[in-house]
Structures are given as structure tokens and as C-alpha cells.
Amino acid sequence: MRVFGATLVLAMLVSACSAGSSVSVPADPDAISIGFAAEPANLDFTRTDGAAIPQALLYNVYEGLVKLDADGRVVPLLAREWTVSEDRRTYDFQLRPDVTFSNGQPFTAQDVKFSVERVKTAWTISLKSKMDVVDRVDVVGPLHARVVLKRPSNNWLFDMTTRVGAMFSPSGVADLANTPVGTGPYTFATRKRGDSIVLRANPSYWGRRPAYTTVYLKYYKDPTALNNALLSNGIDVISSITTPDSIGQFEADTRFTVLQGTTNAEVTLSFNNAKAPLNDKRVRQALTYAIDRKAVMATVSAGRGTQIGSMVPPTDPWYEDLSGVHPHDPARAKALLAEAGLRNISLRLRVANLPYAVSAAQVVASQLADVGVNVSIEPLDFPAVWLKQVFTDHDFDMSIVQHVEARDIVTFGNPKYYWGYDSPKVRELLTQADVGTPEKQVQAMKEIARTIADDAAADWLFLFPNVIAAKTKVTGLSRNQVSESFDLTGLGRR
């Protein structure tokens with residue numbers, strides 16, 4: 001959902017009585033304060049779904065063998081280099097020397113073996129399945145790890161750039177929810193629940209020393225309070241602006257720089273495909289025809305964003321604009337509902353209590369009412385309640401949330417995923433895409449996107465833009481948000 005997404009990474013809508021972060025940040029030129037809205041429920045992304053934890057910790061506290069750069073390319077991190085066998089099943093990683101965990105333990109090939117195998121044995125989130133393709137991990141030498149796959153996989157190395165590729169020390173996993181131990185440029189210092197996380201520069205970091213010795217990640221439940229924090233010098237950066245009408249005030253103020261780029265964050269109207277009446281393709285198609293997605297985008301993001309029509313953003317190699325598969329056509333929607341024998345149906349729209357989701361839900365409910373579908377909107381506290389009731393228990397008819405994980409179209413190959421879509425054709429195509437040549441991968445993935453779009457497995461309302469506002473002194477911010485991490489490693493200052 002990057003929930004995925006679960007994702008999921010943007011502001012929460014709550015009452016004005018809980019405005020947001022209260023930590024007082026000292027005027028320290030070596031410190032930076034960044035405002036976020038979706039706070040991690042804890043610090044253990046091996047057992048807790050949602051994007052807020054890797055957003056804070058991946059690449060910053062935890063590192064993997066490889067990482068994703070701002071253009072979506074796989075680049076070296078803890079692995080200096082790697083080779084792939086001719087049969088594309090064996091990966092030999094040469095590790096960087098003199099890397100240590102924040103608890104003082106050296107990083108070696110034995111930790112690679114421990115970390116990869118632990119995904120299978122100790123992780124509980126759905127993403128653990130990304131390691132199912134691994135047959136074994138061999139420790140060839142202290143700085144030489146060999147990973148052997150059961151079959152060729154185009155996805156596996158890319159997946160290693162996500163949280164499942166994070167490297168752990170056997171002596172550092174006793175309390176991941178409260179005490180993360182990694183090799184990254186920052187170490188975890190403190191957390192004030194409901195308020196902030198503090199990271200400190202890692203004095204024994206193997207790479208380039210961070211520009212800021214202290215990073216305050218501050219969480220605001222009220223998007224207005226988040227904006228005001230930047231305007232009043234309470235923070236230095238807004239990680240992602242979620243109130244489009246506020247962007248202009250930052251663009252017009254010479255104290256600030258505004259960057260706009262793209263994301264993987266598909267704002268998705270999910271259907272419970274396993275539950276009547278949404279197990280009927282005609283009903284899902286009818287709902288999709290009923291919704292004017294451009295109107296949703298105009299309301300939610302002031303027209304900023306991209307119409308996509310499937311679970312594929314333009315940064316993926318197999319992107320096609322499928323937004324025209326089910327154009328806004330209320331008459332067609334009514335006809336399909338009549339064909340399905342449904343009149344005056346009622347559906348529960350259980351959404352994350354985030355501003356974009358609630359705003360989108362109001363537009364969707366109004367448009368569905370025009371074709372005879374009564375929608376009751378139920379905002380759920382995010383992440384805890386939404387993850388439990390919708391994502392885990394599947395207790396919903398429809399929902400709206402951003403799915404921010406890279407290449408999360410693969411979730412449509414898992415019938416147990418929360419939208420309950422079950423297509424043998426899609427599962428077979430996913431296998432073909434993973435084991436085939438890169439050219440065959442692109443061909444198969446395009447067919448998958450067309451299939452789920454035609455089936456109206458969900459309705460992809462739009463791709464959320466990445467809009468960052470920061471003080472002009474802050475440099476090195478990435479225009480695009482295409483990985484799970486809010487990557488602090490490139491930050492600098494004027």
C-alpha cells in the first residue's frame with residue numbers, strides 16, 4: 001500500500017484539539033526539522049504494515065545491499081558491486097569493508113544470510129512473500145554473500161531496495177519496535193509518541209557524513225498546523241503538502257522553495273472483490289463509470305497529479321495511460337447496474353481519516369448517488385484502525401487510501417490481499433513477467449495492467465503528486481518520491 005502501501009504517508013484528518021507536534025527544536029545550524037503527517041505506529045516494519053516506518057528509517061537508519069535512487073534505478077549501497085549468473089538465479093554480492101551496525105557489531109556476509117532468511121522466518125507482514133523466491137544464502141567469505149534463487153526473477157533485486165532488503169544484526173533485533181539497529185548514516189535517538197522522532201548522525205558511519213547531525217521528524221495530525229509550522233519557523237521542511245490550496249502561499253514567499261515531482265502513490269478506490277455485490281464485475285465497472293476522476297483530482301489536489309487508470313505510475317517501464325478504459329459515463333453505469341439486477345444499493349466506504357481520502361470520499365459518494373448507489377462514509381483512524389479493520393479483517397465494501405509502494409501491481413496476484421481479487425490469468429502473467437526476459441516482463445506487465453483495468457478490480461482515482469516546501473537554505477531534496485524512504489542522505493544546506 002507504500003498501504004501500500006499499503007503508502008498512507010500523507011496527513012491525517014483529526015479535530016483541531018490535536019494540532020500536532022509540540023517538541024521545541026533549538027536553533028541549531030547542524031539540525032533540521034521535517035514535518036510529516038502519518039506517524040509510525042511503532043518502529044518495526046517487519047511486523048507492522050504501512051509506509052510511515054520505512055519512510056522514516058529506510059536508507060536513514062537501515063540500509064540494504066542496494067537502494068533506489070530518485071530516478072527509480074537500482075544502485076549499490078552496502079554491496080560495492082554484484083554479478084548475476086547466466087541462468088539469472090545466482091547473485092554474488094561483494095560487500096563494503098569496515099561497515100558496522102550502530103551497536104558496534106561488524107557487518108558481514110553472515111548478516112546478509114541472517115537478514116534475508118529472517119524475512120521468511122520472523123517477518124509477519126504480507127511483503128515477506130517477496131523473499132519466497134530465494135532458495136538459499138551462502139556465506140562465501142566475510143565480505144562475499146551469494147544468494148541463489150529458486151528460479152530467475154526480474155523482481156527480486158528491485159524488491160531488495162525496499163524494506164525487505166534491510167540488513168539487520170542478530171544482536172540488534174530484540175526490540176525493533178522501540179530500538180532499531182542499522183548501518184545507516186543516522187541512529188535512532190528518541191521518540192515521543194504522537195509528536196516526534198529524533199535521529200542523530202552515526203559517528204561510525206562508513207560513508208559520507210550527513211550534512212545535519214540531528215534530524216527531527218515531527219508529526220502533525222492537522223495539515224493546517226503542519227503548514228503553519230513551516231511559516232512560523234517551527235520546521236524547515238514539509239515532506240509533502242496535502243492541502244493544495246496552501247501551495248501558493250509558499251510559492252509566493254521568497255523564504256521557501258517548492259518542488260513538485262511524482263510519486264508511486266496511487267490514490268485508489270478499492271473494492272472488496274470477494275464480497276457481494278462487488279464480486280460482480282459489472283457492478284465494479286458500473287461504479288468506475290459513475291466516477292469523474294478528474295473532478296476528484298480537482299477537489300483533492302487542485303488538479304495536480306496524473307490520471308493513470310491502473311496500478312502503474314509513469315515511472316514504471318510498463319506504464320500505459322489506461323484512464324480511458326472506463327470514462328465517466330453515468331448512463332453506462334446505470335445500465336450495468338440494471339443488467340446486474342441491482343437497484344438502490346447501499347455500500348460502506350471506509351476510508352483512512354486522511355484529508356485527501358476524506359475529500360475524495362465525499363466526491364465519490366456524491367457521484368455514486370447520482371446513479372442510485374447510496375454510500376455511507378466511515379473515516380477510520382489511520383494507521384491502527386484502518387489497518388486492522390480494512391486491510392487485515394477485510395471488513396469493508398469500498399475504501400480509499402494511497403498505495404505508495406513501488407510496483408505494487410503485484411498485489412493483484414494475491415487473492416488474500418485486502419481487495420480479494422482472484423485472477424488465475426493475472427497470477428500466471430506475473431510468473432511469466434518475473435521469469436522472462438526484460439522484454440517479456442514489460443509485455444506481460446502491460447497485459448496485467450490492462451486486465452485489472454478491464455475487470456475494474458479497483459478504481460485508480462489519480463496518482464498523487466509530490467509537492468515539498470522547504471526553507472531556501474535546505475538543499476538536496478528529491479523532487480520525486482519513488483522509494484519507500486524519505487531519504488535524508490542527500491540533504492545539504494546553503
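This briefing covers one helix face, one helix pair and some unusual backbone geometry. The model is predicted: local features need pLDDT of at least 70, side-chain atom pairs count only at pLDDT 80 or more, and totals for chains, interfaces and linings use all residues. Residues are numbered from 1 along each chain as its sequence is written, and side-chain values use heavy atoms, without hydrogens or water.

**Helix H10**
- Helix H10 spans residues 384-392 (helices are DSSP runs of H or I, at least four residues; strands are E runs of at least two).
- Trp386, Leu387, Val390 and Phe391 of H10 are buried (under 20% relative accessible area, 1.4 Å probe, protein chains only).
- Down the axis of H10, the buried residues fall within an arc of 110°, so they line one face (the arc is taken from the directions from the axis to the C-beta atoms).
- They pack against strands E14 (345-352), E15 (373-380) and E16 (398-403) (contact: heavy atoms within 4.5 Å).

**Helices H6 and H8**
- The axes of H6 (residues 281-290) and H8 (residues 330-339) come within 7 Å and cross at roughly 160° (lines fitted to C-alpha atoms over the stretch in contact; angles run from 0 to 180 degrees between N-to-C directions).
- That makes H6 roughly antiparallel to H8 (over 145 degrees).

**Backbone**
- Most residues other than glycine have a negative phi, and most peptide bonds are trans.
- A cis peptide bond joins Ala276 and Pro277, with omega about 0°; Pro277 lies in the loop between strand E13 (266-271) and H6.
- Another cis bond joins Phe382 and Pro383, with omega about 10°; Pro383 sits in the loop between E15 and H10.
- His394, just after H10, has a positive phi of about 60°.

Methods:
Buried means under 20% relative accessible area, exposed over 50%, partly exposed in between (1.4 Å probe, protein chains only). Angles under 35 degrees count as roughly parallel, over 145 as roughly antiparallel, 65 to 115 as roughly perpendicular and the rest as oblique.
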